[in-house]
Structure formats: structure tokens, C-alpha cells
Amino acid sequence: MRLKDMVLTSNEVKQAMSISLPMVALESTVITHGLPRPQNLTLAHDMERAVREEGATPATIAFLDGCLHIGLNEPELERLANEKEPYKVGPRDFATVITKEACGGTTVAGTMFACKHASIKVFATGGIGGVHRESHSDISADLQALATIPMIVVCAGAKAILDLPATLEYLETIGVPVVGYDTTEFPAFYSRESGLDVSVNLATPQEIVHFAKAHWDAGMQSAVLVANPVPLGDAISKSEMEPHIEQASKDAQKKKIHGKELTPFLLKRINELTKGKSMRANLSLLLNNARLAAQIAGALRSREKQKWA
Ligand code: PSU
Ligand code: MN
């Protein structure tokens, strides 16, 4: 059996693809592991709505009963958000969920792999994974996917719980350009500032598409990472966040939490320590990224149309 035999594409996505409408992929680990219930389902709806409002079609990607879904209908989305023990599905877990006929949320890396299969070029997430502070050998599979799958990924930087300088060095090593959207500073997820530089600063979706095309025309096979800072009103300063992140990191080490449990544990613990403030920033940046990704998908479509006109 080939992957295509286990892929189910929703009617909405099929129709949109048949007439080449702009399309934005959305990941689902944020639904299954990143946010508590019921905020996870509300967020999933809000992200899809944000994409539609900008004139693009959302394709939320996830595993249900061992099948890889490209686009979920309403009952499927509700089921995923309420699933008791969903898997967190990175590339190494595809065979596990397929053979167990299980359900799971796809990570950034897992979602990118699905996008490659479905020929979706634009993807929105919250923050990518990277090199962890707790252990430099815990490097997210997201980085490997960014190195090898040519598409545009919109995020609010890497998650602040990571070692950001090490993550940026790694991105440079694997040839992934980091585009600051209207900023020269690499955003740090909850915060707009990190003290670290992006590789290029671009101000419009059209410029981002132009840049990505140049990257791929030059023969590169890697992704273009767009870093979109969290909206001002919901941003939390780095100095306010840092003690909470350090505390959460200490707690994780004390509890010997590692591997795929580490990121969900840290996000949850930080939400407790900030009394819900970090989750508000997280929700806000997710919507902001969905909007920008939809605008980029629109610009990409316009450019392709011009090319064939
Ligand atoms: N962004 C969020 N919340 C999340 C994630 C991203 O706002 O929960 C998820 C993504 O799916 C990402 C994963 O791929 O966290 C990274 O996990 P790890 O460090 O184990 O690779
Ligand atoms: Mn990890």
C-alpha cells in the first residue's frame, strides 16, 4: 500500500485544488497537544475562518483511524479535538499511526511531509520546534523537514522555550532562510524581541513570494521560513517571559520529561505560571500567522496566473 492509498482529501480541499484556489495547510499538534480543551477546537475554527476571510482555503492536516486527512470536515475536527489519547505525529510516527489505525495531530514536520504529498506550498503554524535548552541533542524533526521540503512556512519564530541562538545556527547550517515579516529581529513566539537577527527583512506577501521563487529557482530544496511577530497588544516582553520559561524548564528536568512530551509539558506549565497570559499570546499569534499565510498563498496564486497568462 502506498501513502496515496491512505490519504483522504476533504471535498472542500478537492474542489479548491481542482480550480487552483490559494490553499493554506494548518497543523494539528497544536489542537491535540498544544492547547487545552475547549480552546483547541475554538482555535481550530478561528484559524480556518481567518484563512477563508483572506480568500484562501484551509487544509487542516491530521490522522484519523490511520488515514492521513488533507482537510477535515466539522465532525472530524470535533473528533480530533476531543480524542482521548491522540498521537503526536512527526515523520517517524507515520507508520505507527497507520499500522495502529490511530488518530493523531501532525507536527510541523509531519504536516510538511503531508503538504509535499498534496502539493500544498504554504503552511501556517504557531512556533516551529528547534534545539531544546534542556538537551542539545533534542533537535526537533521540524528542522529536518525545513531542510528538505520546499515550501513557505509561516510562524512566530521558534518557541521561546528553545535555545534560540542554537536553533538559528542550525537553520543556517541546513540552508533555510529566515524572513522577518516587517522586522529585522527574529521573534521569540510570546515576545516580539529576541536580540537575534533574521536573514532578510521583507514587508509584503508579494515580496515573500518573489523571494521564495528566487530561492527555489536558484536550485535550493529547502523551505523558506517566515517569522511573523506576535501582535503588539498580545505580546509579552522577553524580560517578563524569561523567569517563567526558566522555571518551567527546571520543572521539566526535575520530572525527567523529555522527547516528544517536553514541548507540550513546557507550553502547559508556562500557561499555568503566566495565569493564562501566554495562551492568549499563543492564540493571537496563531491567528495572525493564518492570516499572513493566506495572503502569501493569494500572492503565490496571482504570480502563477501571471506566468501562464
Ligand atoms: N506551535 C504552537 N503550539 C504547538 C506546536 C507549535 O503554537 O504545540 C507544535 C508543533 O506541531 C511543532 C511541535 O511541530 O510543537 C514541536 O514539537 P517537538 O519540539 O517535540 O518537535
Ligand atoms: Mn523535541
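1. Let's start with what surrounds ligand 1. Helix α2 gives the largest share of the shell, 3 residues. Both α2 (29-34) and α11 (262-273) supply at least two shell residues each. Helices here are DSSP runs of H or I with at least four residues, strands are runs of E with at least two, and both are numbered from the N terminus.

2. A quick word on what you're looking at: this is a predicted model, where local features need pLDDT of at least 70, side-chain atom pairs count only at pLDDT 80 or more, and totals for chains, interfaces and linings use all residues. Residues are numbered from 1 along each chain as its sequence is written, chains are lettered from A and ligands numbered from 1 in the order in which they are written, and side-chain values use heavy atoms, with hydrogens and water left out.

3. Which residues come nearest to ligand 1? Of the 18 around it, they are Glu 27, Lys 88, Ser 140, Asp 142 and Thr 263. A residue counts as near if one of its heavy atoms lies within 4 Å of the molecule. Sorted by class, the shell has 4 nonpolar, 10 polar and 4 charged residues. For that sorting, Ala, Val, Leu, Ile, Met, Phe, Trp, Tyr, Cys and Pro are nonpolar, Asp, Glu, Lys and Arg are charged, and the others, Gly among them, are polar.

4. Now zoom in on the oxygen atoms of ligand 1. A polar side-chain atom of Ser 140 is 2.7 Å from one oxygen atom of the ligand, and for a polar side-chain atom of Asp 142 the distance to a ligand oxygen is 2.8 Å. Asn 282 has a side-chain N or O atom 3.0 Å from an oxygen atom of ligand 1. The protein covers 95% of the 480 Å² of accessible area that ligand 1 has on its own. Those areas come from the Shrake-Rupley method with a 1.4 Å probe.

5. Next, the backbone. Most residues other than glycine have a negative phi, and most peptide bonds are trans. Have a look at the bond from Arg 37 to Pro 38, then: it is cis, with omega near 0°. Pro 38 lies in the loop between α2 and α3 (39-53).

6. Two residues that aren't glycine have a positive phi: Glu 101 at about 50° and Asp 182 at about 60°. Glu 101 is in the loop between α5 (94-100) and β6 (104-106), while Asp 182 is in the loop between β9 (178-181) and β10 (200-202). Are they buried or exposed? Glu 101 counts as exposed because its relative accessibility is 58%, and Asp 182 counts as exposed at 57%. The cut-offs are under 20% relative accessible area for buried, over 50% for exposed, and partly exposed in between (1.4 Å probe, protein chains only).

7. Back to helix α2, where you'll find Ile 31. Ile 31 counts as buried because its relative accessibility is 4%. Its C-alpha is 7.8 Å from that of Leu 80, although the two are 49 residues apart in sequence.

8. Ser 222 sits in the loop between α9 (205-217) and β11 (224-227). Ser 222 is buried, at 4% relative accessibility. A polar atom of the Ser 222 side chain lies 2.7 Å from the backbone oxygen of Gly 175.

9. Finally, Glu 304 belongs to helix α12 (residues 277-308). Glu 304 is partly exposed, at 27% relative accessibility. Its C-alpha and that of Thr 107 are separated by 29 Å, with their positions 197 residues apart along the chain.

Technical notes: A polar contact is a pair of N or O atoms within 3.5 Å; within protein, one must be able to donate a hydrogen and the other to accept it, and residues adjacent in sequence count only if both atoms are side-chain atoms.
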